[in-house]
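Visitor: I should like to understand the reasons behind the terms applied to this model. Please take me through them one at a time.

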Amino acid sequence: MGDTPSQSPEPVVLTVCTTCRPEGADPEAIRPGRILADRLAGAPLPEGVTVRGVECLSACSRSCTLHLSGGPERWSYIYGDLDPDTHLDDILAGAAAYAATDTGFVPWRERPVVFRKQSIARIPPVSMPGVELFPAAASNASSEASDAPTEMPPAALAQD
């Protein structure tokens, strides 16, 4: 799955929000993220994967969220609307596939369905170069009252 690591990559961490709850849920009930974090902690985790709970991932409207990360060379992902009763095996499979890469990129069709459908964000590696920016073009566009798009050099358009 994905790319094969050329060296021992950074450990993978499943960070689970333990405080958010679905809208309308009993405020005194155990939070779904807490249940998920405890179940992951008790599960046979893939090699190189650890789990931790945190008090907030600031994705409250997508209750029961986790952040999948693996160091500065890998993409990171945030998933939400998870269900500790039905998604545990898929999360473990997704974490194993992710851990088997050195970039964190698992081809879309090789990801568990829950990782395809419930992704909130994909965060680029710290080491990834950004796209070329053109500050002058942005300031010219904002100062002109034109509906025509600002022309960008072909190199900027070719990056996807």
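Guide: Let us begin with pairing: two strands pair if DSSP finds at least two bridges between them. Please note also that this is a predicted model.

Visitor: What makes strand β1 and β2 a pair?

Guide: At least two bridges are required, and six bridges join β1 (residues 12–17) to β2, the two running parallel. The requirement is therefore met. Within this pair, Val 12 stands opposite Val 49 in β2, and Val 13 stands opposite Thr 50 in β2.

Visitor: How does the chain cross from β1 to β2, and what is the handedness of the crossover?

Guide: The path leads from β1 through α1 to β2, a β-α-β crossover that is right-handed. Helix α1 (residues 32–42) lies across β1, β2 and β3 (66–69), and runs at about 150° to β1.

Visitor: In what order do the five strands of the open sheet lie?

Guide: The order is β2-β1-β3-β4-β5, with mixed pairing.

Visitor: Why are β2 and β5 called edge strands?

Guide: Each of them, β2 (49–54) and β5 (119–123), pairs on one side only. As for the twist of this sheet, neighbouring strands are turned by 15° against each other on average, direction ignored.

Visitor: How many aromatic pairs are there?

Guide: Three aromatic pairs are counted. One of them joins Tyr 77 and Tyr 79, with 6.0 Å from centre to centre and 10° between the planes.

Visitor: Why is the pair of Tyr 77 and Tyr 79 called stacked?

Guide: Ring centres must lie within 6.5 Å for a pair, and planes under 30 degrees apart count as stacked. The values of 6.0 Å and 10° satisfy both conditions, so Tyr 77 and Tyr 79 form a stacked pair.

Visitor: How do you know that Tyr 77 and Tyr 79 are buried?

Guide: Buried means under 20% relative accessible area. Tyr 77 has 3% and Tyr 79 has 2%, so both count as buried.

Visitor: What makes the pair of Tyr 77 and Tyr 98 edge-to-face?

Guide: The ring centres of Tyr 77 and Tyr 98 are 6.2 Å apart and the planes stand at 85°. Since planes over 60 degrees apart count as edge-to-face, the pair is given that name because of its 85° angle. Tyr 77 belongs to strand β4 (residues 76–79) and Tyr 98 to helix α2 (residues 88–99), so the pair ties together parts that are 21 residues apart in sequence. Tyr 98 is buried, at a relative accessible area of 1%. Ring pairs link Tyr 77, Tyr 79, Tyr 98 and Phe 115 into a cluster.

Visitor: Why are Ser 76 and Ser 69 called buried?

Guide: The limit is again 20%. Ser 76 has a relative accessible area of 11% and Ser 69 one of 15%, so each is buried. Ser 76 lies in strand β4, and Ser 69 is found in strand β3. Neighbours within four places in sequence aside, the contacts of Ser 76 include Ser 69 and Tyr 98, while those of Ser 69 include Val 12 and Val 13.

Visitor: How do you know that Arg 122 lies over the face of Trp 75?

Guide: The charge must be within 6 Å of the ring centre and within 35 degrees of the ring normal. Arg 122 lies over the face of Trp 75, at 3.9 Å from the ring centre, and Arg 116 lies over the face of Trp 108, at 4.9 Å.

Definitions and conventions
Residues numbered from 1 in each chain as written. Predicted model: local features only at pLDDT ≥ 70, side-chain atom pairs only at ≥ 80, totals over all residues. Heavy atoms only, no water. Buried < 20%, exposed > 50% of the residue type's maximum accessible area, 1.4 Å probe, protein only. Helix = DSSP H or I, 4+ residues; strand = E, 2+ residues; numbered from the N terminus. Axes fitted to C-alpha atoms, helices over the stretch in contact; angles between N-to-C directions. Contact = heavy atoms within 4.5 Å. Right-handed = clockwise from strand over helix to strand, strands pointing away.
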